[in-house]
Amino acid sequence: MDHIVTVQDAVTAFAPWREPTDAELDAIEQESPLILAEVDLLDVQITTLDRVPNEMDARRLRRARNRVLSARRVLANHADVVPGGAA
(Lines give C-alpha, C1' and ligand atoms only; values in the text may rest on other atoms or scores of the structure.)
Protein backbone atom coordinates (compact mmCIF):
# COMPACT_ATOMS: atom_id res chain seq x y z
CA MET A 1 0.00 0.00 0.00
CA ASP A 2 1.35 3.40 -0.99
CA HIS A 3 1.06 6.18 1.54
CA ILE A 4 -0.03 9.56 0.36
CA VAL A 5 1.92 12.33 2.01
CA THR A 6 1.50 16.04 1.75
CA VAL A 7 4.19 18.41 0.60
CA GLN A 8 2.73 21.28 2.60
CA ASP A 9 5.66 21.28 5.03
CA ALA A 10 8.18 21.46 2.20
CA VAL A 11 6.35 24.26 0.44
CA THR A 12 5.81 26.46 3.49
CA ALA A 13 8.92 25.49 5.41
CA PHE A 14 10.66 28.81 4.70
CA ALA A 15 7.63 31.10 4.88
CA PRO A 16 7.71 32.22 8.55
CA TRP A 17 11.23 33.61 8.56
CA ARG A 18 11.83 34.37 4.89
CA GLU A 19 10.71 37.90 4.11
CA PRO A 20 11.50 40.06 1.10
CA THR A 21 14.81 41.86 1.21
CA ASP A 22 15.04 45.63 0.96
CA ALA A 23 16.23 45.28 -2.63
CA GLU A 24 13.20 43.15 -3.53
CA LEU A 25 10.83 45.61 -1.87
CA ASP A 26 12.50 48.50 -3.75
CA ALA A 27 12.09 46.62 -7.05
CA ILE A 28 8.40 46.02 -6.34
CA GLU A 29 7.91 49.68 -5.44
CA GLN A 30 9.68 50.78 -8.62
CA GLU A 31 7.52 48.48 -10.78
CA SER A 32 4.22 49.29 -9.05
CA PRO A 33 3.13 52.03 -11.53
CA LEU A 34 3.49 49.53 -14.37
CA ILE A 35 1.65 46.85 -12.44
CA LEU A 36 -1.23 49.22 -11.66
CA ALA A 37 -1.39 50.39 -15.29
CA GLU A 38 -1.54 46.77 -16.48
CA VAL A 39 -4.33 46.03 -13.99
CA ASP A 40 -6.29 49.02 -15.32
CA LEU A 41 -5.77 47.81 -18.89
CA LEU A 42 -6.95 44.35 -17.95
CA ASP A 43 -10.02 45.85 -16.28
CA VAL A 44 -10.93 47.73 -19.47
CA GLN A 45 -10.36 44.62 -21.58
CA ILE A 46 -12.59 42.55 -19.32
CA THR A 47 -15.41 45.07 -19.49
CA THR A 48 -15.37 44.95 -23.29
CA LEU A 49 -15.35 41.15 -23.59
CA ASP A 50 -19.11 40.62 -23.68
CA ARG A 51 -20.07 43.51 -25.93
CA VAL A 52 -18.97 45.41 -28.97
CA PRO A 53 -16.80 48.28 -27.73
CA ASN A 54 -18.42 51.66 -28.24
CA GLU A 55 -16.55 54.95 -28.67
CA MET A 56 -16.13 55.45 -24.92
CA ASP A 57 -14.77 51.92 -24.50
CA ALA A 58 -12.32 52.50 -27.33
CA ARG A 59 -11.08 55.68 -25.62
CA ARG A 60 -10.70 53.93 -22.28
CA LEU A 61 -8.81 51.09 -23.96
CA ARG A 62 -6.52 53.46 -25.85
CA ARG A 63 -5.78 55.50 -22.71
CA ALA A 64 -5.10 52.37 -20.66
CA ARG A 65 -2.71 51.07 -23.34
CA ASN A 66 -0.94 54.43 -23.42
CA ARG A 67 -0.54 54.39 -19.62
CA VAL A 68 1.02 50.91 -19.82
CA LEU A 69 3.41 51.99 -22.56
CA SER A 70 4.32 55.13 -20.62
CA ALA A 71 4.99 53.18 -17.44
CA ARG A 72 7.10 50.67 -19.38
CA ARG A 73 9.10 53.49 -20.94
CA VAL A 74 9.76 55.10 -17.57
CA LEU A 75 10.77 51.77 -16.07
CA ALA A 76 13.08 50.97 -19.00
CA ASN A 77 14.73 54.38 -18.79
CA HIS A 78 15.38 53.96 -15.06
CA ALA A 79 16.73 50.43 -15.57
CA ASP A 80 19.80 51.94 -17.24
CA VAL A 81 20.64 53.92 -14.11
CA VAL A 82 22.77 51.88 -11.74
CA PRO A 83 22.64 52.84 -8.05
CA GLY A 84 25.90 54.19 -6.69
CA GLY A 85 26.73 56.33 -9.70
CA ALA A 86 28.45 53.60 -11.76
CA ALA A 87 27.17 53.19 -15.29
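# Notebook: a look through a three-helix chain

**Asp57 first.** I started with Asp57, which is buried, with a relative accessible area of 4%. This is a predicted model, so every value I jot down is computed from it. I placed Asp57 in helix H3. What does Asp57 touch, not counting residues up to four places away in sequence? I found Val44, Thr48, Arg51 and Val52.

One of those contacts is charged. The side chains of Asp57 and Arg51 meet in a salt bridge, at 2.9 Å from N to O. I checked the cover on each partner: Asp57 is buried at 4%, whereas Arg51 is partly exposed, with a relative accessible area of 43%. The cut-off for buried is under 20%, so the 4% of Asp57 qualifies.

**Thr48, from the Asp57 list.** I went to Thr48 next. Thr48 sits in the loop between H2 and helix H3, the latter running 55-79. Is Thr48 buried or exposed? I read 13% relative accessibility for Thr48, so I wrote it down as buried. Leaving out residues up to four places away in sequence, Thr48 touches Pro53 and Asp57. I also looked at where the side chain of Thr48 points: it reaches the backbone oxygen of Gln45 at 3.0 Å.

**Stepping back to the whole chain.** I counted 3 helices and 0 strands. Along the sequence, that reads as α-α-α. Of the 87 residues, 13% count as buried. The accessible surface of the chain comes to about 7,700 Å², and 59% of that surface belongs to carbon and sulfur atoms.

**The core.** Which residues make up the largest nonpolar core? I listed 9 in all: Leu34, Ala37, Leu41, Val44, Leu61, Ala64, Val68, Ala71 and Leu75. The elements giving two or more residues to this core are H2 and H3. H3 supplies the largest share, 5 residues. In soluble globular proteins, nonpolar side chains tend to be buried together.

I followed one core member, Leu75, outward. Setting aside neighbours within four places in sequence, I have Leu75 in contact with Gln30, Glu31 and Leu34. Leu34 is on the core list too. Val44, which I had met as a contact of Asp57, is another entry on that list.

**Salt bridges.** How many salt bridges does a search of the whole structure find? I got 3. Side chains of opposite charge can pair when their charged atoms come close. Asp57 with Arg51 is one of them, and I took the others in turn.

Arg72 pairs with Glu38, the closest N and O atoms being 3.3 Å apart. Arg72 is in helix H3 and Glu38 in helix H2, so this pair ties together parts that are 34 residues apart in sequence. I noted Arg72 as partly exposed at 44% relative accessibility. Glu38 is also partly exposed, with a relative accessible area of 32%.

Glu55 pairs with Arg59, and here the closest N and O atoms are 2.7 Å apart. Both residues lie in helix H3, 4 residues apart, about one turn of the helix. Is Glu55 buried or exposed? I have Glu55 down as exposed, with a relative accessible area of 56%. Arg59 comes out partly exposed at 33% relative accessibility.

**Arg67.** I also looked up Arg67, which lies in helix H3. Its relative accessible area is 41%, so I call Arg67 partly exposed. Not counting residues up to four places away in sequence, Arg67 touches Ala37 and Asp40. I checked the spacing to Asp40: the two residues are 27 apart in sequence and 9.0 Å apart in space, C-alpha to C-alpha. Ala37, the other contact of Arg67, is one of the core residues.

**Surface, last entry.** Where did I find nonpolar side chains on the outside? Leu42, Ile46 and Leu49 make a nonpolar surface patch of about 330 Å². I placed one of the three, Ile46, in helix H2, which covers residues 22-47.

Definitions and conventions: Residues numbered from 1 in each chain as written. Predicted model: local features only at pLDDT ≥ 70, side-chain atom pairs only at ≥ 80, totals over all residues. Heavy atoms only, no water. Patch = residues over 30% accessible without salt bridge, like charges linked within 9 Å, V, L, I, M, F, W, Y side chains within 5 Å. Areas by Shrake-Rupley, 256 points an atom, 1.4 Å probe, with all protein chains shown as cover. Salt bridge = Lys/Arg side-chain N within 4 Å of Asp/Glu carboxyl O. Buried < 20%, exposed > 50% of the residue type's maximum accessible area, 1.4 Å probe, protein only. Polar contact = N/O pair within 3.5 Å; in protein donor to acceptor, adjacent residues only side chain to side chain. Contact = heavy atoms within 4.5 Å. Core = buried A, V, L, I, M, F, W, Y, C linked by side-chain atoms within 4.5 Å.
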